[in-house]
Amino acid sequence: MGFNKDQLETKLIHASSNVDIEQKTGAVNVPIYLSSTFHQESFDHFGPFDYSRSGNPTRQALEQTIAELEGGVRGLAFASGMAAISSAFMLLSAGDHVLVSEDVYGGTYRFITEVLTKYEIDHTFVNMTDLNETASAIQPNTKVIYMETPSNPCLNITDIEGVVKVAKANHCLTFLDNTFMTPLYQKPLELGVDIVLHSATKFLSGHSDVIAGLAVTRNAELGDELAFIQNSFGSILGAQDSYTLIQGIKTLGARLKQSSESAEKVATYLHDHPLIEEVFYPGLTFHPGHSIHARQSKGSGAVLSFRLPNKAAAKAFVEQIRLPIFAVSLGGVESILSYPATMSHAAMPKQEREKRGITDGLLRLSVGLEHVEDLIADLDQALKIPHHQMELV
Ligand SMILES: *Cc1c(COP(=O)(O)O)cnc(C)c1O
């Protein structure tokens, strides 16, 4: 094509269609190659594909797309976000140590504390918004620093370049979970990160219809190592789901822009409401990580959290709200309201949970594509909580 596909919004649409169809049929969409195995043309010359665990043309179109979007060398598609994250941790060996942001996704926390420990891979959780605390937790055997920014559910911001600097000085790799921002708003590889990870279940697919994970490596060597693990462990994304995800990615630009604009309005509305004690959204100028986030990201995203006085108020609010679905997950076209205390952070002891700001009054909202005036009107009616319903029971 005779134009410059430099803008990410343009790449979202066209990156996947470069694969093979242009030459063959002109089909605008990547074919779904439902084939586990591939005929080899000759006895001593094998073609580019042999078996779909090792490589599948539909999955490859997705993998090349995410690599191009993140500005990396190699993209890999997995059966879930957790499969991508766990496979990246399999690059480590017994005796190694990882430094992890203390408010990582619950599934990542579980894998690190309950699975990696069985293979003698040790960990330390640190408050990664504090670079000094991060640097002083490095051990001689620390091999990876693992970031998630903005974090879940309180949207804490880690200074990516600051952590990369600490890692480089100590010969550690850096991994970053970029689920909340997507490459449209945050390009960690450009800031020196080694592996970017995604739960593509969320904003990248965008329609709450697929579970998928993606990884992109900064260099070819890490790409080869992770591809070896992908093929050995075998937690690959199937061809149909790869296709669904490619279609979702095409509309990411329009979806994320619209949802983020609405999220900013909703955050401002909630901040001004007398019943709301606190709002967590990196787009608000008084958010503690606002300036760092603005420096390293192009947008504030569509996820925010807010605090009601107590559990009774949260319950009354959830029972009155009409538009958002009440569920785990985020990043869909529909607004999704979650209650972290019993959903994403149910496994965490109450004391640990509250230390991280996840009180019984905290709710998380992933803003979808409904009209923002309808969303705010809905929040407004649900926040008219009768006084007797806020009393603690
Ligand atoms: C959902 C999520 C994951 C896990 O992804 P799955 O696709 O559910 O396995 C990891 N990190 C973040 C930030 C998430 O929101």
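## Helix 9 and its cap

At the N-terminal end of helix 9, N219 acts as the cap: one of its side-chain oxygens sits 3.2 Å from the backbone nitrogen of E221. Keep in mind that this is a predicted model. The helix itself covers residues 220–233. With 14 residues at 1.5 Å a residue, helix 9 should span 20 Å, and its end C-alpha atoms are indeed 20 Å apart, so the two values agree. Just past the helix, G234 adopts a positive phi of about 85°.

Which residues of helix 9 are buried? They are L222, G223, L226, A227, I229 and Q230. Look down the axis of helix 9 and these buried residues fall within an arc of 160°, so they line one face of the helix. On the face turned away from that buried side you'll find the exposed residues E221, F228 and S232.

As for what the buried side packs against, there's a list of partners: helix 3 (57–70), strand 1 (74–78), helix 4, strand 5, strand 6 (195–199) and strand 7 (213–217). Two of those elements, helix 4 and strand 5, come up again in the ring pairs below.

## Aromatic pairs

Searching the whole structure turns up 6 aromatic pairs. One of them is F89 with F175: the ring centres are 6.0 Å apart and the planes meet at 55°, so this pair counts as tilted. F89 belongs to helix 4 (residues 81–89) and F175 to strand 5 (residues 173–177), so the pair ties together parts that are 86 residues apart in sequence. Both ends are out of reach of the probe: F89 is buried at a relative accessible area of 0%, and F175 is buried at 0% too.

Next up are F306 and F317. Their ring centres lie 5.7 Å apart with the planes at 85°, so this pair is edge-to-face. F306 sits in strand 9 and F317 in helix 13 (residues 311–320), so here the linked parts are 11 residues apart in sequence. F306 and F317 are both buried.

Back to F89 and F175: they also belong to a cluster, in which ring pairs link F89, F111, Y146 and F175.

## R307 in strand 9

R307 is part of strand 9 (residues 303–307), the strand that also holds F306. Is this arginine buried or exposed? R307 has a relative accessible area of 10%, so it counts as buried.

What does the side chain of R307 have for polar company? One of its polar atoms lies 2.9 Å from the backbone oxygen of G357. Setting aside neighbours within four places in sequence, the contacts of R307 are L275, I276, E277, E278, F280, G357, T359, G361 and L362. G357 therefore turns up in the contact list of R307 as well as in the 2.9 Å approach.

## K202, the annotated lysine

According to an unreviewed UniProt entry, K202 carries the annotation "modified residue: N6-(pyridoxal phosphate)lysine". In the model, K202 sits in the loop between strand 6 and strand 7, and both of those strands are packed against by the buried residues of helix 9.

K202 has a relative accessible area of 10%, which puts it under the 20% cut-off, so it is buried. Which residues does K202 contact, leaving aside neighbours within four places in sequence? The partners are T179, S329, L330 and G331.

Terms used
Residues are numbered from 1 along each chain as its sequence is written. This is a predicted model: local features need pLDDT of at least 70, side-chain atom pairs count only at pLDDT 80 or more; totals for chains, interfaces and linings use all residues. Side-chain values use heavy atoms; hydrogens and water are left out. Helices (H or I, at least four residues) and strands (E, at least two) are DSSP runs, numbered from the N terminus. Buried means under 20% relative accessible area, exposed over 50%, partly exposed in between (1.4 Å probe, protein chains only). A polar contact is a pair of N or O atoms within 3.5 Å; within protein, one must be able to donate a hydrogen and the other to accept it, and residues adjacent in sequence count only if both atoms are side-chain atoms. Contact means heavy atoms within 4.5 Å. Rings of Phe, Tyr and Trp (its six-membered ring) pair if their centres lie within 6.5 Å; planes under 30 degrees apart count as stacked, over 60 as edge-to-face and the rest as tilted. The expected span of a helix is 1.5 Å times one less than its number of residues. The arc is that of the directions from the helix axis to the C-beta atoms. UniProt positions are given in the numbering used here, feature names are shortened, and annotations may be inferred rather than shown by experiment.
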